[in-house]
Amino acid sequence: KRNPDYSLVLGPFGALMTLQYNLTAAPASQPRNAMLGQTISLTIALGMTYATSLPTNIRVALGTSLAIMSMARLGITHPPAGAAALLFTGGKFSWGHMGIMLAGNAIAIASATLINDMNVKRQYPTFWGFGRWDVDGICGPPRAAGGGDSAEQKSGGETTEHESDEPSNLGVSTEPLLRADPSQEV
């Protein structure tokens with residue numbers, strides 16, 4: 001007999017595997033986006049489920065929208081996390097399921113790293129990205145080596161392609177959306 005207390009959400013894991021094994025260089029498939037995107041999305045989804053008394057259809061639409069908007073705003077877009085937010089706002093999953101999802105993501109990242117790196121034509125991840133977030137603001141510009149100002153601050157706000165050590169962003173803007181100093185112009 002099936003015990004619903006030990007269920008696992010499989011849909012987002014299928015999408016995660018597609019990213020990790022077929023789109024290894026895409027920013028959405030990198031560990032930072034996978035772990036932080038899932039954490040943000042699931043927190044918003046479960047918060048909507050437990051903290052609001054909205055009807056299920058409105059809660060699902062609003063929770064999923066807020067999760068996707070938050071990931072985009074923070075620069076950690078991860079499509080499987082949007083799918084997980086859709087499922088988790090339905091009210092069938094708990095905080096324990098969130099822990100299972102995050103552990104599953106960590107295991108998927110570890111196995112994708114091992115398997116993809118066995119092939120000389122593949123590399124996963126192309127960057128881990130967790131160290132790129134500065135201490136002043138959650139998504140501030142990366143600091144240059146030695147703790148000085150970033151290349152953007154040194155050049156007066158413009159960073160050229162050759163100054164950045166970030167991998168190809170496939171058309172996704174790497175401009176930080178949140179700034180440590182609100183008076184700083186965009």
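Where does N33 lie? N33 lies in helix α2. The legends below cover that residue and several others in a predicted model.

**Figure 1. Overview of the predicted chain, an all-helical arrangement with six helices and zero strands.** From the N terminus, the elements run α-α-α-α-α-α. The chain has 186 residues, and 37% of them count as buried. It exposes about 10,800 Å². Carbon and sulfur atoms supply 62% of that area. Take the contacts between residues at least 6 apart in sequence: 71% of them join residues at least 24 apart.

**Figure 2. Confidence along the chain, with two stretches where pLDDT stays under 50.** Mean pLDDT is 77 for the protein chain. A value of 70 or more is reached by 65% of the residues. Residues 132–155 stay under 50. The model has 44 contacts beyond four places in sequence for this stretch. Residues 159–166 also stay under 50. For them the model has eight contacts beyond four places in sequence. Where pLDDT is low, the predicted coordinates should not be read in detail.

**Figure 3. Close-up of N33, a buried residue of helix α2.** The relative accessible area of N33 is 4%. Buried means under 20%, so N33 falls in that class. The N33 side chain reaches the backbone oxygen of P27 at 3.1 Å. P27 is also one of the residues that N33 touches beyond four places in sequence. The others are A28, Q38, G75, I76, T77 and H78. L74 is 41 residues from N33 along the chain. The C-alpha atoms of N33 and L74 are separated by 9.9 Å.

**Figure 4. Close-up of Q38, also in helix α2.** Is Q38 buried or exposed? Q38 is buried, with a relative accessible area of 1%. Its contacts beyond four places in sequence include N33, the residue of the previous view. P12, H78, P80, A81 and A84 are in contact with Q38 as well. M101, L102 and N105 complete the set. H78 appears in the contacts of N33 too.

**Figure 5. Close-up of S41, a helix α2 residue with a relative accessible area of 0%.** S41 counts as buried because its value lies under the 20% limit. Which residues is S41 in contact with, leaving aside neighbours within four places in sequence? They are A67, M71, A81, G82 and A85. A81 is in contact with Q38 as well.

**Figure 6. Close-up of L86 in helix α4, residues 79–88.** L86 is partly exposed, at 44% relative accessibility. Beyond four places in sequence, L86 touches V60 and T64. A61 is 25 residues from L86 in sequence. Their C-alpha atoms are 7.6 Å apart in space.

**Figure 7. A nonpolar surface patch of L54, I58, L62, L66 and M69.** Together these residues have about 390 Å² of accessible area. L54 lies in the loop between α2 (31–51) and α3 (56–74). How is L54 classed by accessibility? L54 is partly exposed, with a relative accessible area of 31%. Patch residues need over 30%, so L54 qualifies on that count.

**Figure 8. Close-up of the Y124–P125 peptide bond, which is cis.** Omega is near -5° for this bond. P125 lies in the loop between α5 (95–116) and α6 (151–154). The α6 range sits within residues 132–155, where pLDDT stays under 50.

**Figure 9. Close-up of W128, in the loop between α5 and α6.** W128 counts as partly exposed at 46% relative accessibility. Which residues does W128 contact, leaving aside neighbours within four places in sequence? The contacts are P31, R32, I109 and T113. Q30 is 98 residues from W128 along the chain. The C-alpha atoms of W128 and Q30 are separated by 6.6 Å.

Notes:
Residues are numbered from 1 along each chain as its sequence is written. This is a predicted model: local features need pLDDT of at least 70, side-chain atom pairs count only at pLDDT 80 or more; totals for chains, interfaces and linings use all residues. Side-chain values use heavy atoms; hydrogens and water are left out. Patches are made of residues with over 30% relative accessible area and no salt bridge: like charges are joined within 9 Å, nonpolar side chains (Val, Leu, Ile, Met, Phe, Trp, Tyr) within 5 Å. Accessible areas come from the Shrake-Rupley method with a 1.4 Å probe; for residues, only the protein chains shown count as cover. A salt bridge is a side-chain nitrogen of Lys or Arg within 4 Å of a carboxyl oxygen of Asp or Glu. Helices (H or I, at least four residues) and strands (E, at least two) are DSSP runs, numbered from the N terminus. Buried means under 20% relative accessible area, exposed over 50%, partly exposed in between (1.4 Å probe, protein chains only). Contact means heavy atoms within 4.5 Å. pLDDT is the predictor's confidence in each residue, from 0 to 100. A polar contact is a pair of N or O atoms within 3.5 Å; within protein, one must be able to donate a hydrogen and the other to accept it, and residues adjacent in sequence count only if both atoms are side-chain atoms.
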